[in-house]
Every structure is written in C-alpha cells, then in structure tokens.
Amino acid sequence: MSHVPSNHVPLNRVEVYGIRHHGPGSARALRGALEEFKPDAVLVEGPPEADPIVELAGDADMVPPVALLAYSPAADPDSGDERKAAFWPFAEFSPEWQAIRYAHGAGVPVRFCDLPAAHQLVPTDDTEEDRQEDREVGEEAPESIRLDPLGWLAKAAGYDDAERWWDDVVEHRGASEEAPFAAIAEAMAELREQLAALPEETASAGLPPGHRRREEQREAHMRRTLRRTLRDGYERVAVVCGAWHVPAIQAKVPAAHDDRTLRGLPKIKVAMTWVPWTHGRLAGRSGYGAGVRSPGWYHHLFTAKDRPIERWLTIAARVLRDEDLHVSSAHVIEAVRLAEALAALRGRPLAGLDEVTEATRAVLCEGADLPVQLIQERLVVGERLGAVPERTPMVPLQRDLQAEQRRLRLKPSALDKEQDLDLRKPTDLERSRLLHRLRLLDVHWGVPADAGRSKGTFRETWTLCWRPEFDVELIEASAWGTTVRGASTARARALAEGATALADLTSVAERCLLADLGDALPTVMRALADRAAVDTDVAHLMAAMPALVRALRYGDVRGTSTGPLRTVVDGLVVRVCVGLPPALTGLDDDAARTFLGHVDAVHGALSLLADDDHLERWRRALENLVARPDTLHGLIDGRITRLLLDAGRLDDVPDRMARAVSTGTPPARAAAWVEGFLSGGALLLTHDDALLRLVDGWISGLPGESFTDVLPLLRRTFGAYASAERRAIGERLRRPDTTAAPSHRPEQDIDEKRAAPATATTLRILGWDQ
C-alpha cells in the first residue's frame with residue numbers, strides 16, 4: 001500500500017456518494033454504483049456507536065422500516081430532566097440501508113462516520129455574538145441554503161416543489177441511465193461556493209442556534225473516520241452521506257484542523273439499539289426533518305421492478321374494491337393513460353405521485369375526495385411497522401413486554417386497531433391489566449374508549465396503535481423494574497407517596513385496581529386513608545368519590561379485594577352529606593357551576609355503587625337543601641330539584657318551578673334555575689305538558705331587556721340537547737293544544753251498549769271470557 005499523507009484524503013481510492021436520505025431512485029442508483037465500484041469498506045452517515053450492532057441489519061428477521069436508537073440512560077424517570085434520545089430511521093428504499101445491505105452481502109465491513117451520538121445528544125451552545133447576529137439579520141435574509149439545498153436547486157430549475165424536482169431528476173431515472181452522483185456533487189459544490197461568497201451574517205441567518213458549528217463538527221468527524229479507515233489498510237472506500245456534505249468530505253482539509261474542531265466536545269454516556277419504525281414516522285408531516293411526502297409511494301417505486309404506474313393503479317383499484325366501490329379493469333386502463341398523458345404534457349420522465357393521484361381521482365374515484373383520502377392513507381403513506389431480531393439489545397422491561405404480547409396474542413400494529421375486551425374471559429382480563437399497567441408507566445399503547453361508548457361493566461374497548469417512541473419510554477420506565485408488573489407496582493407506590501391532592505390518590509387507587517397491582521394497594525390505601533381523614537374541603541371529598549366508586553365496581557368485576565377501599569368510601573359519603581349544606585350556601589356563579597359538576601358526579605357515583613343506605617342518606621341531604629331554596633344558587637336549586645324528581649322524591653315540582661320563574665324572581669336567578677333543572681336532558685319537557693307550559697309562559701312573558709340578559713343561559717341549556725329533542729319540543733309548542741290542554745280530562749259519558757262487542761272480543765283474546 002502506498003503512503004497516505006496525513007493532511008488530506010487521497011481521493012483516488014475513495015468514492016463519495018451524495019444521496020437524499022430516503023429516496024428509491026437514489027437507493028437503486030447507489031446499489032448499482034457500489035456493485036460496480038466494489039469497495040472493500042463502506043462508510044455510512046450515522047452514529048459510530050452503532051458499529052457493534054450494524055451486523056444485525058443483515059439478519060433475516062430485521063424488516064425495515066427500522067431505526068437506530070441512541071439514548072442516555074436516566075437514573076430517575078421522574079426527575080423532570082429532558083429526554084435525551086435520537087433516532088436514525090431506515091426504510092427499504094433508504095440509500096443508507098441499501099449500502100449496509102450491500103456491505104453485508106459482499107462481506108465487506110461497514111462503519112458509521114457521523115459525529116458520535118454521545119456528542120450530538122448534548123445541545124450546542126451558541127455564543128452571544130451568534131445570537132446577536134441572528135437577531136440583526138433573522139427574517140431579512142433569504143432562507144438558508146444549508147437548511148434546504150434541494151429547494152435552492154429546484155428553484156434554479158424552475159420548480160416550486162423541491163420533492164417534485166428531485167423526483168424528476170433522480171427518483172424517476174431509468175435503470176440504464178448514468179448514476180447521478182457526479183452531477184449531485186457538482187451542484188452541491190456550486191451551492192457551497194455561493195454560500196461562501198455571501199456575507200457571513202447573511203449566510204448564517206435563519207439557522208437554528210449552533211447549527212453551523214454542529215455541521216462543521218459532523219463533517220470534521222466524517223473526514224477523520226475516512227482517514228482512519230484508509231490507515232487501517234482499506235484501499236477502495238465508499239462513503240455514503242447526505243448530498244450537502246459531499247464537497248466537505250472531498251475537500252483537502254488538514255487533519256490538524258479537524259482535530260482542533262473536535263477537541264474537547266462535551267459528551268454524555270449513551271447506549272445504542274435497533275427499534276421498529278413506521279412509514280408514518282418517515283413522512284414529512286410527522287415532523288421528521290428528513291421526511292418524505294409519500295413513503296408508501298417511494299416503497300412501491302423501489303420494489304416494483306417494472307411498470308410501476310400500472311401496478312400502483314391496480315393496487316389502488318383493489319383497495320377501493322375492498323370497500324365495495326365499483327372499479328373495473330377498464331377504469332385502471334383509462335387511469336394509466338391519463339397519468340401518462342399528464343406526465344407527457346408536463347415534461348416529466350415518468351408519471352409522478354401528482355399525476356397518479358389526479359388520474360385516480362378523476363377515473364377510479366369519479367371525482368370524489370373521500371376515496372382519494374382512503375388511498376392516501378392506505379397506499380401513499382402505506383403505514384407499516386418494521387421488526388427487529390430477537391437478539392437485538394434490549395432492556396429487560398422491553399423483553400418482558402414482548403413476552404407478554406406473545407402470550408396474550410396482542411401484536412403491535414402501526415395502524416389504529418380497536419380491541420374489544422370481555423373481562424369475564426381470562427385472556428381478555430389479562431390483556432386489560434397489561435394495558436392499564438403500561439398506562440401507569442406512561443406507555444400509552446392502548447387508549448380506552450370514551451365512557452359513552454362503554455358496552456357494559458364487563459366490557460372495555462381500547463384503541464391500540466404502536467409508536468416508535470414507546471421504546472424510549474420503556475427504556476426510561478425500566479428504572480422502576482425489570483417486568484411490566486414490577487415496574488408499574490413501583491411507579492404506583494411512588495405516585496401515591498408523592499400525591500398532594502386527595503383526587504390524585506383516588507385516581508392512583510383506581511388505576512391499581514384496574515391493573516391488578518395488589519402489592520401496591522396497601523401503600524396507596526394507607527396514603528388515601530390518611531389524606532381523607534384530614535381533608536375537610538367538601539369539594540375535594542366530592543371530587544374524590546367517583547374514582548373510588550368506580551374502583552369498587554371494577555374490583556367486583558375483576559375479583560380484586562376492595563375491603564379497605566370500601567371503608568374509605570363509607571366515611572366519605574357520611575362526611576359529604578354532613579358538609580354539603582354549608583358548602584353550597586352563598587355561592588357565586590363560578591363556584592355554583594363547579595359544585596354543579598360535583599353534585600352530578602357524586603349522584604352518579606352513588607347510583608353506580610347501588611348501596612341503599614348511602615343513596616337514602618344522599619337523597620335526604622338533598623331534600624334538606626331544597627327545603628331552604630333561598631340559601632342556594634339558582635343553578636344548584638334547579639339541579640337538586642331535578643335529581644329528586646327523577647328519584648320520585650318530589651310531587652310538587654310544577655309548583656316549585658312556578659315559584660322559581662314567577663314575576664317577582666330576578667330573571668338571572670330564574671334562568672339559572674331552569675338551566676340547572678333542565679340540564680339532565682330534554683325528555684322531561686317532551687312528555688310533561690305542565691312543565692313545558694310553565695317554561696314557555698315564563699320565556700314569553702320576559703321583558704325585552706330581561707330576555708336579552710338570560711338568552712345566553714337559555715342557549716347553553718337548549719343547545720346541549722340533541723337536534724331531535726329540540727325539534728320535538730318545537731313541534732309540541734307549535735300545536736295549539738299543547739299549552740292549552742288541561743292537566744286532567746273531564747269524565748265523559750260512556751255508551752256501554754256500543755262498547756259491549758269490543759269489550760267481549762278483548763276478553764276472549766285475553767282468555768278472560770270464561
């Protein structure tokens with residue numbers, strides 16, 4: 001091997017391939033270029049800490065999309081420190097992935113050459129001069145070339161869409177065409193020369209703090225890695241990196257300069273692993289900086305060996321047919337013709353996603369937008385979840401979760417999946433407990449359905465969707481334990497010990513019962529009992545009760561012991577009933593609305609508990625309150641009256657309403673009373689003519705100024721009703737006999753002779769004519 005000077009990189013044995021991080025044309029062209037160049041070492045832009053696990057990319061069980069995950073292990077997951085983690089995603093159509101796969105197939109070493117993650121996870125500190133420079137030039141300067149070099153090239157070529165330009169010049173190139181890497185390197189070199197010619201403040205404007213310094217460090221490390229690779233004896237080295245970095249790697253920069261750039265960089269301890277990724281996270285709309293608009297479309301372009309447009313539209317037709325939409329082969333043929341005609345008119349080498357989408361909308365979907373949106377989700381994004389091999393480095397908590405997923409047959413999916421659980425079945429009960437335990441660890445793989453969609457006490461409905469970030473959250477949660485059960489138990493204890501509000505403790509108790517964490521319950525219940533014993537605020541006690549009652553009910557369904565919890569609930573009911581009168585006296589509007597929610601919640605909780613003694617005690621407390629309406633806010637008075645009416649405890653409600661809306665009552669109080677009384681639903685007004693007559697008469701008799709004052713309250717009350725209920729009330733008021741009808745019909749003479757045949761027939765039908 002000839003001598004290698006230490007001050008620059010010998011380019012005669014090095015090929016630098018500038019790529020876009022996710023592009024099928026780049027990936028295909030790179031694979032062909034590598035097969036032609038036949039390097040004996042491959043360097044790929046990425047964190048060098050991943051070198052020990054890069055060989056996993058060659059495992060048959062490694063299925064892209066996947067990502068390298070670098071993270072800094074946290075000692076205390078509740079410390080509040082900002083999460084330090086970063087992902088390097090790869091799809092099958094990513095050029096870097098194809099470079100790695102080529103190296104494994106050819107038996108040559110592959111290394112990552114970017115700045116180590118240990119440095120990248122440490123935020124850069126921009127100087128005060130840098131910050132002042134940004135403030136002075138900021139928005140006045142053009143968009144930074146560094147941040148969007150492709151956008152500048154696209155603009156120079158007459159395109160207003162950088163992705164469309166890149167598709168035309170790179171992604172849609174034929175397999176027989178010359179590789180684009182030389183042209184890309186030349187274009188980037190020209191851009192960097194233009195950037196260097198700009199005044200320093202203009203060239204740096206618009207960049208995030210520390211961006212330019214970080215880019216210099218990254219490129220210095222790429223050059224350093226290349227030098228070390230050559231010193232190790234490799235003679236044909238391929239470097240795969242973002243197109244912007246190509247001129248910097250090819251530049252003859254002295255090694256001493258790079259050493260000074262990299263000297264003394266702050267770093268932290270990091271660990272590295274592979275995790276599954278999704279196409280949705282590759283999409284630009286997810287916030288991923290190097291994201292693409294259409295990962296599903298790019299995957300198709302890469303995997304379709306020939307006739308990609310015909311194959312794409314055929315798959316789109318199949319998706320629409322699966323939704324019972326009529327799409328024939330003739331539709332597909334015509335859509336292909338339209339897409340190709342649009343591409344020819346626009347001078348494009350191949351019909352792109354825009355042309356294919358327009359053809360799909362016009363022909364396959366006959367102008368309708370909803371089917372196009374379906375194809376957008378199913379094909380253009382093409383959501384899919386990758387997989388990693390079993391031997392991938394993982395923390396014990398991740399492995400335990402994977403074992404639980406296999407045992408309970410809960411396969412992670414990148415698409416929303418509704419899971420209906422019957423808690424009477426052992427497997428479904430275990431699934432529910434697992435999902436609740438994960439939620440205690442802030443891993444929200446499953447999101448429970450709204451209470452309104454509940455199918456009964458024994459049923460739960462969850463929406464499951466796996467996101468790549470969950471792996472980071474599991475790594476953080478591993479500080480609590482090595483198994484899902486153990487970690488969630490430790491987390492529940494910590495939440496109980498750190499809770500400062502009674503409602504927070506009741507929530508933890510409920511979550512423990514849902515997750516079947518019997519080991520944590522003693523700690524939680526001890527803290528709950530201590531807090532409940534000293535808390536004298538009735539609002540706090542009322543806010544805590546619904547969660548406790550739900551926990552009792554869940555305990556009954558799940559077979560969990562709830563004895564200590566029942567003791568706490570019994571004490572709370574007594575204290576709430578005793579403390580309710582002084583707590584509801586003299587409330588202003590805001591406080592009354594707050595307590596209205598508490599009263600409804602406690603009433604519903606005690607109805608759910610179905611304890612006759614507690615219900616009787618609660619209703620007697622409400623009766624004592626409405627016996628002194630002058631001490632109550634109108635909203636509270638009306639609502640308690642309605643609750644007692646529904647319970648069958650009042651028989652003078654029309655008289656009470658008449659007094660509440662009488663002429664001598666201030667309109668604001670009357671409106672509040674009506675709002676509280678009617679907030680339980682419109683069913684009462686649609687069936688009780690007397691109450692409807694009272695409300696209608698009161699509203700009709702309001703003076704104009706008073707009507708304007710109470711109108712917002714009335715709109716809030718009636719606006720909460722369903723449209724069918726509002727229509728039914730309006731129809732009853734429209735009929736003249738509704739408000740004029742007497743409450744009791746007078747007795748009428750009955751012609752017994754005319755009624756006798758009908759009576760005899762009815763008796764025979766009922767079998768009573770014997």
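Begin by selecting V170, which is buried, with a relative accessible area of 4%; buried means under 20% relative accessible area, exposed over 50%, and partly exposed in between, with a 1.4 Å probe and protein chains only. The model is predicted, so that local features need pLDDT of at least 70 and side-chain atom pairs count only at pLDDT 80 or more, while totals for chains, interfaces and linings use all residues. Residues are numbered from 1 along each chain as its sequence is written, and side-chain values use heavy atoms, with hydrogens and water left out.

**Stop 1: around V170**

V170 belongs to helix 6 (residues 162–171). Helices (H or I, at least four residues) and strands (E, at least two) are DSSP runs, numbered from the N terminus. Show next the residues in contact with V170, where contact means heavy atoms within 4.5 Å. Apart from neighbours within four places in sequence, these are G25, S26, P180 and I184. Then add A29: its C-alpha lies 8.8 Å from that of V170, although 141 residues separate the two in sequence.

**Stop 2: the whole chain**

Zoom out to the full chain, which contains 36 helices and 10 strands. Of its 770 residues, 48% count as buried. Among contacts between residues at least 6 apart in sequence, 76% join residues at least 24 apart. The accessible surface comes to about 37500 Å², and 50% of it belongs to carbon and sulfur atoms; these areas come from the Shrake-Rupley method with a 1.4 Å probe, and for residues only the protein chains shown count as cover.

**Stop 3: the loops**

Select P64 and P65, which are joined by a cis peptide bond with omega of about 10°. P65 is placed in the loop between strand 2 (41–44) and strand 3 (66–71).

Move on to R307, in the loop between helix 13 (295–303) and helix 14 (308–322). R307 is not a glycine, yet its phi is positive, at about 45°. Is R307 buried or exposed? With a relative accessible area of 53%, R307 is exposed.

D516 is the next selection, in the loop between helix 22 (502–515) and helix 23 (521–534). D516 also is not a glycine and has a positive phi, of about 55°.

From D516, continue into helix 23 and pick A527. A527 is partly exposed, with a relative accessible area of 22%. Setting aside neighbours within four places in sequence, A527 is in contact with A496 and L505. The C-alpha atoms of A527 and G498 are separated by 9.7 Å, and the two residues are 29 apart along the chain.

**Stop 4: helix 18 and helix 20**

Two packed helices are described by the angle between their axes and the distance between the axes. Axes are lines fitted to C-alpha atoms, for helices over the stretch in contact, and angles run from 0 to 180 degrees between N-to-C directions.

Display helix 18 (residues 396–407) with helix 20 (residues 469–477): they pack at an angle of about 120°, with axes 8 Å apart. Helix 18 and helix 20 are therefore oblique to each other; angles under 35 degrees count as roughly parallel, over 145 as roughly antiparallel, 65 to 115 as roughly perpendicular and the rest as oblique. On helix 18 the contact is made by L397, Q398 and L401, and on helix 20 by D471, L474, I475 and A477. By class, five of these residues are nonpolar, one is polar and one is charged; Ala, Val, Leu, Ile, Met, Phe, Trp, Tyr, Cys and Pro count as nonpolar, Asp, Glu, Lys and Arg as charged, and the others, Gly among them, as polar.

Within helix 18, select Q405. Q405 counts as buried at 9% relative accessibility. Which residues does Q405 touch, not counting those up to four places away in sequence? They are L410, P412, W445 and W466.

**Stop 5: helix 26 and helix 28**

Finish with helix 26 (residues 589–609) and helix 28 (residues 634–646), whose axes come within 9 Å and cross at roughly 15°. The two helices, 26 and 28, are therefore roughly parallel to each other. A592, R593, F595, L596, V599, D600 and H603 of helix 26 meet L635, I636, R639 and L643 of helix 28. This contact divides into seven nonpolar, one polar and three charged residues.

The last selection is D637, found in helix 28. D637 counts as buried, at 5% relative accessibility. Not counting residues up to four places away in sequence, D637 touches V626, P629, L632, R669 and W673.
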